[in-house]
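Q: I have a new structure to read. Can you take me through it feature by feature?

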Amino acid sequence: MLYALNNVTNGDKIEATPKAEGFCPECNQTMVPKCGDIKIWHWAHRQNLKHNCDYGGETEWHLDWKKRVNKKELVEVKKGNHRADIVTRDDTVIELQHSSIDTRTILDREEAYNKIVWILHSDRNSIRFRLKEYGYSFYWVYARRSFGISSAPIILDFVSEREIPYNYNAPLFIIRKQHQDGGRNSSQWRGWGKMVSRKYIVDAIINNVNFISTVIYNPDKPKNEELKMLHIPV
Ligand SMILES: [Zn+2]
């Protein structure tokens with residue numbers, strides 16, 4: 001986690017710094033600041049207490065997103081029973097998903113929140129794009145099938161674990177529509193969407209008060225220079 005609390009009751013969120021003392025906002029245990037040279041500074045549970053609390057313990061990819069936003073009021077915010085990764089200024093919950101999750105969890109989250117957007121850490125080789133007038137059409141070479149049931153907007157992030165620190169201008173793909181070709185037993189998913197940069201989404205999370213309506217449903221059309229910069233093969 002990016003923020004621990006400086007006090008068990010009504011504590012303020014604090015970032016991990018060497019020798020700082022902090023408490024887990026979920027289980028109140030004392031947290032250990034992890035302030036090394038390689039990973040983004042974060043808080044971790046003590047090894048032997050880990051089994052008591054499953055909050056935190058994210059990948060570098062999660063931490064990178066949260067650190068880019070780096071606003072206490074928007075990152076790791078308690079919403080109902082769950083602590084959301086990021087909440088935008090129009091109260092849209094953004095859930096960062098690195099590994100696959102079961103359909104029950106997806107549906108539970110989507111039912112719990114009025115507005116939710118998934119950002120999925122995806123393999124660039126799992127999808128093929130074709131440039132169109134309106135954006136990009138795509139089909140999955142291999143899809144994350146559990147998200148087929150999702151009715152929430154999905155953003156795909158293709159940054160590779162090998163390129164840390166992640167390129168701020170790397171492309172993200174906003175899926176606008178997808179459907180299964182050839183009925184429910186088919187594994188072929190296709191659809192269309194828009195390409196934007198990580199920077200575009202991070203800036204929008206921080207500043208845009210109409211995130212879901214303007215960024216997700218009506219993203220600015222990327223200009224030619226931006227498309228070149230994004231290195232999207234067509
Ligand atoms: Zn905890």
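Q: What pLDDT does the protein average, and what share of the residues score at least 70?

A: Start with confidence. This is a predicted model. The protein averages a pLDDT of 86, and 88% of the residues score at least 70. Residues 229-234 fall below 50, although this stretch has 11 contacts in the model beyond near neighbours in sequence. Where pLDDT is low, the predicted coordinates should not be read in detail.

Q: How many helices and strands are there in the protein?

A: Count the elements before tracing them. Here there are 5 helices and 14 strands.

Q: In what order do the strands of the open sheet lie?

A: Read a sheet from side to side, not along the chain. This open sheet has 9 strands in the order S6-S7-S8-S9-S12-S13-S14-S11-S10, and the pairing is mixed.

Q: Why is one side of strand S6 and of strand S10 left without a neighbour in the sheet?

A: Look at the partners. S6 (75-79) and S10 (127-132) each have a single partner strand, so they stand at the edges with one side free of a neighbour in the sheet. From one strand to the next, the twist averages 40 degrees.

Q: Which way do S9 and S12 run, parallel or antiparallel?

A: Compare the strand directions, then find the bridges. S9 (residues 116-121) and S12 (residues 154-157) run parallel, joined by 4 bridges. For a landmark, find Leu120, which stands opposite Leu156 in S12.

Q: How many residues lie between S10 and S11 in their hairpin?

A: Follow the chain from one strand into its partner. S10 and S11 form a hairpin with 2 residues between them. These strands run antiparallel, and 6 bridges join S10 to S11 (residues 135-140). Here Leu131 stands opposite Tyr136 in S11.

Q: Which strands does helix H1 touch?

A: For a helix on a sheet, list the strands it meets, then check the angle. H1 (residues 60-69) packs on the sheet and touches S6, S7 (82-87), S8 (93-97) and S9. The direction of H1 makes about 60 degrees with that of S7.

Q: Which residues of H1 are buried?

A: An α-helix has 3.6 residues a turn, so residues three or four places apart point the same way. In H1, the buried residues are His62, Asp64, Trp65, Lys66 and Val69. They pack against S6, S7, S8 and H3. Just after H1, Asn70 takes a positive phi of about 50 degrees.

Q: Where does helix H3 lie?

A: Use the same reading. H3 (residues 198-207) lies across S7, S8, S12, S13 (171-180) and S14 (189-197). H3 runs at about 75 degrees to S14.

Q: Which residues touch the most other members of the largest nonpolar core?

A: Look for the hubs. The core has 45 residues, and Val117, Ile155 and Ile201 touch the most other members. S9 gives the most to this core, with 5 residues. At least three residues come from each of domain 1 (1-47) and domain 2 (58-229). Take Ile201: beyond its neighbours within four places in sequence, its contacts are Ile155, Leu172, Val196 and Val215.

Q: What share of the 234 residues is buried?

A: Buried residues make up 31% of the protein.

Q: Where does Glu26 lie?

A: Place a loop residue by the strands around it. Glu26 lies in the loop between S3 (22-23) and S4 (30-34). Glu26 has 16 other C-beta atoms within 10 Å, so it counts as partly exposed. Leaving aside neighbours within four places in sequence, Glu26 is in contact with Cys53, Tyr55 and Arg83. The C-alpha atoms of Glu26 and Asp54 are separated by 9.0 Å, with the two residues 28 apart along the chain.

Methods:
Residues numbered from 1 in each chain as written. Predicted model: local features only at pLDDT ≥ 70, side-chain atom pairs only at ≥ 80, totals over all residues. Pairing = 2+ DSSP bridges. Axes fitted to C-alpha atoms, helices over the stretch in contact; angles between N-to-C directions. Contact = placed C-beta atoms within 7 Å. Buried ≥ 20, exposed ≤ 12 C-beta atoms within 10 Å, placed from the backbone. pLDDT = per-residue confidence, 0-100. Core = buried A, V, L, I, M, F, W, Y, C linked by C-beta atoms within 7 Å. Domains from an automatic or database assignment.
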